[in-house]
Amino acid sequence: MPERYPGYDVLGKWNSPSFDAVTREVLARRLGAVPKRRFFTRGEWELLEALGAHLIPQSKRADPIPITPWIDAMLADGGGEGFHRVGEPRDAEVWRTGLAAIDGEARRRHQARFIDLGPPMREALLRDLRAGAAGDGWSGVGPRRFLIDFLLKAMAAIYYSHPAAWSEIGFGGPASPRGYVRLQLGRRDPWEAGEAK
Amino acid sequence: MSAGPASAHTTRAVAGRAPDVFERGGWTPMRQNADREAVDFAIVGTGAGGATLAAKLAEAGFTVVAFDAGPYWRPLEDFASDETEQGKLFWTDERLTGGDDPVELGANNSGRGVGGSTVHFSMVSLRFRPEWFKARSRLGYGTDWPLGYDQIAPYYDEVERALCVSGPIRYPWGPRRRRYPYREHPLNAPGELLARGARAMGIKWSSTPLATVSAPRGKSPPCVYRGFCIHGCSTNAKQSALIVWIPRALKAGAEVRDLAMVGRIEVDAAGLAAGVHYHRDGEWRFQRARNVVVAGYAIETPRLLLNSACPAFPQGLANRSGLVGTHLMVHGGNAAWGTFEEEVRWNKGPPNMAVSEHWNYEDRGKDFHGGYAFMCQGPLPREWARTVAGTRGLWGEGLHAEMEKYNHMAGLGPVCESDAQARNRVELADEVDSYGLRIPRVTYAFSDNDRRIQRHAVAYLSETLRAAGGRDIWSSDDTSHLMGSCRMGDDPATSVVDADGRSWDIRNLWICDGSLFCTSGGVNPSLTIQALACRVGDRIAAMARRGEL
Ligand SMILES: Cc1cc2nc3c(=O)[nH]c(=O)nc-3n(C[C@H](O)[C@H](O)[C@H](O)COP(=O)(O)OP(=O)(O)OC[C@H]3O[C@@H](n4cnc5c(N)ncnc54)[C@H](O)[C@@H]3O)c2cc1C
Ligand code: SF4
């Protein structure tokens, strides 16, 4: 697919009135200090990387947006959304059990770890999980809920919190103190992304 | 109660001063009160209800201390243009959610900080349809509120003036009213599409009355349409409680205590509230008070009342009726989304710039009671990605392709009324939080009528989007707002407080926030919460003059 917003880079506005000091500081931290592994085991980390590569592929990107490190950091810091469903375990356990169950599913079907499966097998397995079809090992939350509500939503949120992803979809990015002037349909300000026609 | 958590922030409202929300690093003088000296009012929570009441009571000459569990922000220096960073605005202490339709909590509906949820609200400032205050007798469902529209109307006026609400010259629904204090905002593209769809469907629409200024006001500059409203307004255009009511309260002599979590209300031998136990700067303290007001929103308010159970009130305070925590309501937010040929760029401007209240005011042709307003939408990428991934279950190139349509998307989201049901409630779980306080458990299930409203909304909004030129229409489920859980009423057997927010059981214990609602109506609640708070403030002042406190 050709680039939709050729040449557009949100970070090109770093020194413009669209970026204020506090936003620069926040983004500098996100871009500069990618957290190290603290929560997951090495095996879990590698599995997450493989899942990430399949769910949010970035093969076209020279510098992929880090996703696994931020999930690890969230769990290591005990952060989360601040609420749990009655009867479901805490986030740390949901993630550990869910990842183990995905690998368990791969072994049950193919006698192999998930990371050793090729893309078509990965896709078929994940589609079954999305449809709720899976074997044992899913204590706590079921396969669909783990895959969609935990794994996929977390990964998508992290990916689309990165300036490179904002540039990819033509999002204006930070906008303070300068916001926008041309609000009408089909109009854009000079500091917004131009779309390839 | 345990030692409590170490806080990432430090208390700012100390040593006779509070942050000046309009200046980077600025301060403003603040009167302080000693814990041991009883103040007239201790208010728990400084959001739409608590901050408004604090200003009103301080201006009426009462001594007031208002507590908030969260930090005291200076938007200009603390708010980044970033969804992830601004997660710091939300109440993310542990809570449990269950029932047939578990409500998404956290960022979806509650804030934590001085100014409460108005710091991150989207500023939609709508009045209730008058009949909703008498839903049972006028419309045949739900319950009647213990007050009517005529009693609340002057306070709607007062709040609209206090917030300098920007709105149209003529709002198409509801009784005749004076014009909004500030002129309406120009429509953004999603608003234009709502208008186009409404015209095609033959219904009325309007630009949305918003609590963000369309022209300068004091130290607030006009809105610059940056669109980060629900992540905090970094310019102070938004007329949140933090920048409107709190400065007014301080000026009138109120004290605000930030990062001060109230854990228990103390009741004395006479069965009256004696003050509040609160956790601040690493220790539990006790503030004496002649009156206590609970304004922690519809989950934390009943939680505090239940957590304050004592030998005289073993079921929790104000709970002889057993109703504390019950009749919780949310709004259904089942939105429709579509792709447009034109560039929409929906991130520009406040998210809800146009509205239709057609189905709030039209009673014919419905297979349900109640109604809904609907508005255009403008989610930012992180939130949008969660909606797309969570609802569509898309990944891989499918997800990328859908997300790349970001600038061509538009959506219509409803505020669907929900029935007040006893089974939808807040209770205490056995588990405790880092303060050692039992955490709340929220149970929720929609009624059949709720589902019929939501089905109607999804079908109608999808059709409207299509009529506006949208294609590939799909919908997502969501909820917003919290109401009820300590309803007001005329009868101590069927309500927790009276029309003034005064509890039936403990006459110097008051409630003043979203938990007072008897019905949810089909509009966002904050204008009504603030109007109720203004009324409670005036009523308390009048009762004090008559020696009835
Ligand atoms: C994203 C979003 C957008 C919204 N948009 C709109 C909108 O456009 N229009 C509208 O009308 N409404 C909107 N709302 C809803 C609106 O913000 C709330 O309904 C309203 O602010 C509730 O007022 P309240 O006084 O009941 O509680 P809040 O404003 O939430 O204030 C409660 C405060 O109490 C504090 N607190 C709670 N418990 C304790 C305790 N034990 N000790 C100390 N402090 C405590 C909390 O920290 C909080 O600051 C929105 C909400 C969200 C989440
Ligand atoms: S769009 Fe307006 S109200 Fe919203 S954050 Fe920006 S300046 Fe504030």
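**Figure 1. Two buried phenylalanines meet across chain B.** B:Phe128 has a relative accessibility of 1%, so this residue counts as buried. Its partner here, B:Phe517, also comes out at 1% relative accessibility and therefore counts as buried. Please keep in mind that this is a predicted model. The ring centres of B:Phe128 and B:Phe517 are 5.7 Å apart and the ring planes stand at 85°, so the pair is edge-to-face. The pair links distant parts of the chain, with the two positions 389 residues apart. B:Phe128 belongs to the loop between β5 (96–98) and α3 (135–139) of chain B, while B:Phe517 belongs to the loop between β20 (509–511) and α12 (526–545) of chain B.

**Figure 2. A phenylalanine pair sits within helix α6 of chain A.** Counted over all chains, the model has 32 aromatic pairs. In one of them, A:Phe146 and A:Phe150 have ring centres 6.3 Å apart and planes at 25°; planes under 30 degrees apart count as stacked, so this pair is stacked. Both residues are in helix α6 (residues 143–159) of chain A, and because they are 4 residues apart there, about one helical turn separates them. Are these two phenylalanines buried or exposed? Both A:Phe146 and A:Phe150 are buried.

**Figure 3. One aromatic cluster includes residues of chains A and B.** From chain A come A:Trp166 and A:Phe171. From chain B come B:Phe228, B:Trp337, B:Trp346, B:Trp384, B:Tyr406 and B:Trp474.

**Figure 4. Two arginines lie over the face of B:Trp27****.** B:Arg17 is placed 3.6 Å from the ring centre of B:Trp27. B:Arg74 also lies over the face of this tryptophan, at 4.6 Å from the ring centre.

**Figure 5. Helices α4 and α5 of chain A cross.** Helix α4 (residues 91–110) and helix α5 (residues 119–130) of chain A have axes that come within 11 Å and cross at roughly 120°. The crossing of α4(A) and α5(A) is right-handed. Which residues meet here? On the α4(A) side they are A:Ile102, A:Glu105, A:Ala106, A:Arg109 and A:His110, and on the α5(A) side A:Met121, A:Ala124, A:Leu125, A:Asp128 and A:Leu129. Sorted by character, the residues of this contact comprise 6 nonpolar, 1 polar and 3 charged. For orientation, chain A has 7 helices and 1 strand, which follow the pattern α-α-α-β-α-α-α-α along the sequence. Buried residues account for 51% of the 197 residues in chain A.

**Figure 6. B:Pro222 and its contacts in a loop of chain B.** B:Pro222 lies in the loop between β6 (206–207) and α6 (245–251) of chain B. Its relative accessibility is 29%, so B:Pro222 counts as partly exposed. Setting aside neighbours within four places in sequence, B:Pro222 is in contact with B:Val213, B:Ser214, B:Ala215, B:Pro216 and B:Ala237. The C-alpha atoms of B:Pro222 and B:Thr212 are 7.5 Å apart in space, with the two residues 10 apart in sequence.

**Figure 7. B:Asp268 in a loop between two strands of chain B.** This aspartate, B:Asp268, is found between β8 (261–267) and β9 (273–280) of chain B. With a relative accessible area of 32%, B:Asp268 is partly exposed. How many Å separate the C-alpha atoms of B:Asp268 and B:Arg451? The separation is 46 Å, for residues 183 apart along the chain.

How values were computed. Residues are numbered from 1 along each chain as its sequence is written. Chains are lettered from A and ligands numbered from 1 in the order in which they are written. This is a predicted model: local features need pLDDT of at least 70, side-chain atom pairs count only at pLDDT 80 or more; totals for chains, interfaces and linings use all residues. Side-chain values use heavy atoms; hydrogens and water are left out. Axes are lines fitted to C-alpha atoms, for helices over the stretch in contact, and angles run from 0 to 180 degrees between N-to-C directions. A crossing is left-handed if the near helix is turned anticlockwise from the far one by less than a right angle, and right-handed if clockwise. Contact means heavy atoms within 4.5 Å. Ala, Val, Leu, Ile, Met, Phe, Trp, Tyr, Cys and Pro count as nonpolar, Asp, Glu, Lys and Arg as charged, and the others, Gly among them, as polar. Rings of Phe, Tyr and Trp (its six-membered ring) pair if their centres lie within 6.5 Å; planes under 30 degrees apart count as stacked, over 60 as edge-to-face and the rest as tilted. Buried means under 20% relative accessible area, exposed over 50%, partly exposed in between (1.4 Å probe, protein chains only). A charge sits over a ring if NZ of Lys or CZ of Arg is within 6 Å of the ring centre and within 35 degrees of the ring normal.
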